[in-house]
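Please look at the sequence and the model together before reading on.

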Amino acid sequence: MIATETPRQHLDRLWARGRSLLGTETAIMGGAMSWVSERNLVAAISNAGGFGVLACGSMTPELLTAEIEATQALTSKPFGVNLITMHPQLDALINVCLRLEVGHVVLAGGLPSGPSIRTLKDGGTKVLCFAPATALARKLIKSGVDGLIIEGTEAGGHIGPVSTSVLAQEILPAVGEIVPVFVAGGIGRGEAIVSYLEMGAAGVQLGTHFVCATESIAHPKFKAAFIKANARDAMPTVQVDPRFPVIPVRALRNKGTDLFMQTQRDVIGRFQAGEMDQKTAQLEIEHFWAGALRRAVIDGDVENGSLMAGQSVGLVKEELPTRVIIETLVTQAEAALAQRSTGVTAAPAPDRPLADPVP
Ligand SMILES: Cc1cc2nc3c(=O)[nH]c(=O)nc-3n(C[C@H](O)[C@H](O)[C@H](O)COP(=O)(O)O)c2cc1C
């Protein structure tokens, strides 16, 4: 810390590149969460100084158009749109983003093609992509991406095998100075944000931590499951047979996750008995979770639906306004930086500011 700097000035210096890329007060991205990250939460995050990202998921171009326009009506601040690269109408969705002058698109769910990145960039949109390893990070930088997100296995939803801390140690020193890199997975307090910024990150992305925001439309039962859960309840899906791959998804354990194990065993049994071929068996396993996130988030079926959640769910203790969530993270980050400058180790800042900062 420079002698004359306040902790906030120090923080702003640490995440300056992230703020500049996003055009925001803080370099805190609210990671897109299918069904959860719709107009209300996204606008709330952006209005509170973070960067909201709309989850397109399996939306049609018409639905995405309506959702972007509704979000634009709720905020004049920058927000992004998350597109899944294997969506069959990806090109049409990209055109929607360009036509509605979305400033930033996050391409997720597999390595995006060069032409997808180029079309967005030629249209004036900034592009961020997920980099699961250093070699892929370099490849994406060559393709012209403006920023990268590295997401560790602690995260909620679809996950890779490597922890956030190891990815950060691998990727930040290699490419962190070339493009802004945002760290995601397992972040729930400001001290962790500071640590990744000090390692060379330009910002962070949090998903799980925003699910229980007051503005989140997630069903009260979905939020209650988050508030009750501990870190160890957020487990990756388990694959019972290497011949039948299962995409790892981190979610809270419930009746659905137990039934999924049983379904895999039943289907594999029928395959082994010659009652179905391998492709049919694989499809039956893959279809198990179809529509399951919607069932949990929107309908509140927390028994059978998918309760996608990261390990930081243990840090989610109550429903709070988005503005309070972001201000708390910033206060904790500032307190951590203040401790570094004085050399005095004090108790960490509280889970939420003592005075209610909501205007
Ligand atoms: C319920 C839920 C749904 C998610 N859906 C998506 C998605 O549609 N697209 C995506 O790129 N990431 C998705 N994610 C990942 C988040 O965008 C974010 O990167 C992740 O939650 C960060 O880690 P954290 O959960 O530890 O905060 C989802 C996460 C959760 C918890």
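The questions below deal with sheets, helix packing and the ligand shell.

This is a predicted model, in which local features need pLDDT of at least 70, side-chain atom pairs count only at pLDDT 80 or more, and totals for chains, interfaces and linings use all residues. Residues are numbered from 1 along each chain as its sequence is written.

Reader: In what order do the strands of the closed barrel run?
Author: Strands here are DSSP runs (E, at least two residues) and helices likewise (H or I, at least four), numbered from the N terminus. Two strands pair if DSSP finds at least two bridges between them. The barrel has 8 strands with parallel pairing, in the order 1-2-3-4-5-6-8-9.

Reader: Which residue in strand 9 stands opposite I28?
Author: Strand 1 (residues 28-30) and strand 9 (residues 203-206) run parallel and are joined by 3 bridges. Opposite I28 in strand 9 stands V204.

Reader: Which strands stand at the edges of the open sheet?
Author: The open sheet has 3 strands with antiparallel pairing, in the order 7-11-10. Each edge strand has a single partner strand, so one side of each is left without a neighbour in the sheet; these are strand 7 (157-158) and strand 10 (234-236).

Reader: Which residue in strand 11 does A234 stand opposite?
Author: Strand 10 pairs with strand 11 (residues 249-252) in the antiparallel sense, over 3 bridges. The residue opposite A234 is L252.

Reader: At what angle do helix 9 and helix 14 pack?
Author: Axes are lines fitted to C-alpha atoms, for helices over the stretch in contact, with angles from 0 to 180 degrees between N-to-C directions. Helix 9 (residues 190-198) and helix 14 (residues 322-342) have axes 7 Å apart, and their packing angle is about 60°. That makes helix 9 oblique to helix 14 (under 35 degrees is roughly parallel, over 145 roughly antiparallel, 65 to 115 roughly perpendicular, the rest oblique).

Reader: How do helix 3 and helix 4 lie to each other?
Author: The axes of helix 3 (residues 39-47) and helix 4 (residues 61-74) come within 9 Å and cross at roughly 40°. The two helices are therefore oblique.

Reader: Which residues come nearest to the ligand?
Author: A residue is near the ligand if its C-beta atom, placed from the backbone, lies within 6 Å of it. Domain 1 (7-206 + 320-342) and domain 2 (232-312), with bounds from an automatic or database domain assignment, each give at least three residues to the shell. Of the 27 residues around the ligand, the nearest are G31, G156, G157, G207 and G310.
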